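Me: I would like to go through this model with you and ask, for several of its labels, what justifies them. Please set each value against its criterion before you conclude.

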Amino acid sequence: MYKISLITGDGIGPELSESAVSILNRINEKFDLKFEIIKLSAGDKALAETGKALPDETLDAIKQSDACLKAPVGESAADVIVVLRRMLDLYANIRPAKSYPHMPALRDGIDMVIVRENTEDLYTGKEFSLGNSAVALRIISEDASQRIAKYAFETATQRNSMKKVTCVHKSNVMRITDGLFAKACTEVSKNYPNIAFEEMYVDACAMNLIRQPEKFDVIVTTNLFGDILSDESSQVVGGLGMAPAANIGDDFALFEPVHGAAFDIAGKNIANPSSFLLSIKMMLDWLGNKHNDSKCIEVGQKLESTIFDLVKSGVKTKDIGGEMSTSEFTKHITDNI
Ligand code: ATP
């Protein structure tokens, strides 16, 4: 049995969480797997009710679980996810962008993954005022850069793809910080002679994600660049509603959609739950690999192929050109998995 902590979140978070619970319950019924779901509060609502965006009980319950699912939280996201990533040392943020059928996508034939360093860069929140100015510290360390580079090359090794790692940075301007990052990636690349390696400036990468996205396989980059480029890559393949993510450390992992709380569509039963359900697929892969549990991996594949087949047959939510509500789309998945 796997204990899954679930942060139900803000905005569309509770609707996505309801969908996730239905799918996990269906997996419990139908397959030889058991998930116990522990619902937890964190985010804007938790802040208003308890004075803390990440209550201590929530953190304790996450630590006692086998993996965490996190629906999006609102304005207090920095006090929840950024803190969790650092406290649990979830150093690798994995954001796949894959072409699904019949999407309002800019391009087809895309299968890439962005491996984003998750603990450093401008996201450590080390900012202060200095007279009339404001200063943010950008911290890039050799250890963290080498660790994420190694993760990216291991990912490229395991993927059934063109086996290429693109290191994205801006070392022509940020010579010391991004210079260190690029050097660490180059050093690590020497241990992987069968994986092609290239470097690309972040502005060129932003352009190439539109111009020739099918040429990317694994992108490795720093925290802020990875955040921005993964929103872009998800839009290239059909939108944030289809974009899952994983935050992975050596012992624990947390899975969440790429997008935020989307307050503009909250409470309307129109959000696309695929971003969260594909995050469950990533969780099943991770649990399967960690516990040597092939059943988990198999069920994850079934979940992804069920979503793939549904969108192929035109069963889609509004954001990707369909008519289904969140709950109707979820029901189609529970009926078909
Ligand atoms: P954040 O800064 O926290 O990432 P954001 O303000 O950039 O959040 P998001 O919440 O990520 O915005 O979403 C941007 C827009 O994309 C939303 O306003 C919404 O219209 C759309 N969107 C995001 N997620 C979904 C989804 N699951 N289903 C349908 N539309 C979505």
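Me: In which loop does histidine 102 lie?

Reply: The model is a predicted one, and in it histidine 102 sits in the loop between strand 4 and strand 5.

Me: What makes the phi of histidine 102 worth a remark?

Reply: Its phi is near 55 degrees, a positive value in a residue other than glycine. Most residues other than glycine have a negative phi.

Me: Why is histidine 102 called exposed?

Reply: The label exposed requires a relative accessible area over 50%, and histidine 102 has 51%, so the term applies.

Me: How do you know that asparagine 269 is only partly exposed, and where is it found?

Reply: Asparagine 269 has a relative accessible area of 31%, and because buried means under 20% and exposed over 50%, this value falls in between and the residue is called partly exposed. Asparagine 269 is found in the loop between strand 12 and helix 9, and it too has a positive phi, of about 60 degrees, although it is not a glycine.

Me: How do you know that the length of helix 10 agrees with what is expected of a helix?

Reply: At 1.5 Å a residue, the 19 residues of helix 10 should span 27 Å, and since its end C-alpha atoms are 27 Å apart, the two values agree.

Me: Which residues of helix 10 are buried, and what puts them on the same side?

Reply: The buried residues of helix 10 are Cys296, Val299, Gly300, Leu303, Glu304, Thr306, Ile307, Leu310 and Val311. They cover an arc of only 150 degrees around the axis, which is why they are placed on the same side of helix 10.

Me: What does the comparison of spans give for helix 1, and which of its residues are buried?

Reply: The 18 residues of helix 1 (residues 13-30) should span 26 Å at 1.5 Å a residue, and because the end C-alpha atoms are 26 Å apart, the expectation is met. Among the buried residues of helix 1 are Leu16, Val21, Leu24 and Ile27, and also Glu15 and Asn28.

Me: Why is the largest cavity said to lie between the domains?

Reply: Domain 1 (1-98 + 240-337) and domain 2 (106-236) both give residues to its lining, so the largest cavity lies between them. About 50 Å³ of space lies in this cavity, and its lining includes Val82, Arg85, Arg116 and Tyr123. Helix 4 gives the most to that lining, with three residues.

Me: What lines the largest pocket, and how many residues of each class are there?

Reply: The largest pocket, with about 1,300 Å³ of space, is lined by 37 residues, of which Ile94, Thr155, Gln158, Asp285 and Asn289 lie nearest its centre. By class, 18 of the lining residues are nonpolar, eight polar and 11 charged, and helix 9 supplies the largest share, seven residues. Domain 1 and domain 2 each contribute at least three residues to this lining.

Me: Which element supplies the largest share of the lining of the second largest pocket?

Reply: That share comes from helix 4, with eight residues. The second largest pocket has a volume of about 450 Å³, and of the 23 residues that line it, Ala77, Ile81, Val82, Arg85 and Asp227 are the closest to its centre. Its lining has 10 nonpolar, four polar and nine charged residues.

Definitions and conventions
Residues numbered from 1 in each chain as written. Predicted model: local features only at pLDDT ≥ 70, side-chain atom pairs only at ≥ 80, totals over all residues. Heavy atoms only, no water. 1 Å grid on protein atoms, 1.4 Å probe; cavity = no way out; pocket = protein on both sides within 12 Å on 5 of 7 lines; lining within 4 Å. Points joined across faces, edges and corners; volume = space filled by probe spheres on them. Helix = DSSP H or I, 4+ residues; strand = E, 2+ residues; numbered from the N terminus. Nonpolar A, V, L, I, M, F, W, Y, C, P; charged D, E, K, R; others polar. Domains from an automatic or database assignment. Expected span 1.5 Å × (residues − 1). Buried < 20%, exposed > 50% of the residue type's maximum accessible area, 1.4 Å probe, protein only. Arc of directions from axis to C-beta.
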